[in-house]
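Morning, everyone. I'll keep this short: charged pairs and cysteines. Here is the model.

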Amino acid sequence: DGIADDTKAFQDAANAAIKSGGGELLIPNPDKFYNIKSTINIVPSSGSQCFLNIAGFGTTVSEIRYTGPGNKAVFKVLGLKSSLISGVKVLISPGIGGVVVWDIDTTPEIASTSLVTFKNCSALLGNGINNVGWRLGHKSGGGADISSYQWENCSAYGNESEGTVISGHVGWLLEGRNTLQNTWFGGF
């Protein structure tokens, strides 16, 4: 309904899909939008990898609005492998800065987050300072495997504030040394 906090429902659904051994997480179109107030963790329940396809479901893209605090991730992804994320549109609400929509990384225990395709996804960065659409390898920064990513018809864009360009908006930020073999098709 655009009012209630949908964070727990999203996290519970992601945990259940991952625990089932990997499968589908379908996001039906909301009446207004989904309201997310804290980070959704897409992390293996055990072991070092998980397989999960996430799909916006319906005639239009499922919209998620992040209304939580700044300097957080909307989705924190660790250990995702051979997965597809499609039709997911995330909007950062006005005035919130330092937010990363898709924060993709590894840890010493989870050494690979790779072979992931994003299709028809959007990261709307709002008007807060230093917002990022996709960030790969921020924490690991080293030899961990964050490779073979593909974006098909995806977009990352921000807003101008009264004719002034917003500082620090970045669509794709590759920070790890082993963020290799990434491809983009279409999009902006």
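First, a term. Buried means under 20% relative accessible area, exposed means over 50%, and partly exposed is in between, with a 1.4 Å probe and protein chains only.

Now the ground rules. This is a predicted model: local features need pLDDT of at least 70, side-chain atom pairs count only at pLDDT 80 or more, and totals for chains, interfaces and linings use all residues. Residues are numbered from 1 along each chain as its sequence is written, and side-chain values use heavy atoms, with hydrogens and water left out.

Start with the cysteines. How many disulfides does a search of the whole structure find? Zero. The cut-off for a disulfide is a pair of cysteine sulfur atoms within 2.5 Å. Take cysteine 50. Its nearest cysteine sulfur belongs to cysteine 121, 16 Å away. Cysteine 50 is buried, at 3% relative accessibility. Cysteine 121 is buried too, with a relative accessible area of 0%. Why is cysteine 121 not bonded to cysteine 154? Because the sulfur of cysteine 154, the closest cysteine sulfur, is 4.7 Å from that of cysteine 121, too far for a bond.

On to the charges. The structure holds six salt bridges. By that I mean a side-chain nitrogen of Lys or Arg within 4 Å of a carboxyl oxygen of Asp or Glu.

Look at glutamate 63. Its side chain meets that of arginine 65 in a salt bridge, 2.7 Å from N to O. It also meets lysine 89, at 3.5 Å, N to O. That second pair links distant parts of the chain: glutamate 63 sits in strand 5 (residues 62–66), lysine 89 in strand 8 (residues 88–92), 26 residues apart. Strands here are DSSP runs of E, at least two residues, and helices are runs of H or I, at least four, numbered from the N terminus. Put together, Glu63, Arg65 and Lys89 form a salt-bridge network.

Which of these is buried? Glutamate 63, with a relative accessible area of 14%. Arginine 65 is partly exposed, at 29%. Lysine 89 is partly exposed as well, at 24%.

One more pair. Lysine 76 and aspartate 103 form a salt bridge, their closest N and O atoms 3.6 Å apart. Lysine 76 is in strand 6 (residues 73–78) and aspartate 103 in strand 9 (residues 100–105), so this bridge ties together parts 27 residues apart in sequence. Aspartate 103 is buried, at 5% relative accessibility. Lysine 76 is buried, at 16%.

That's it from me.
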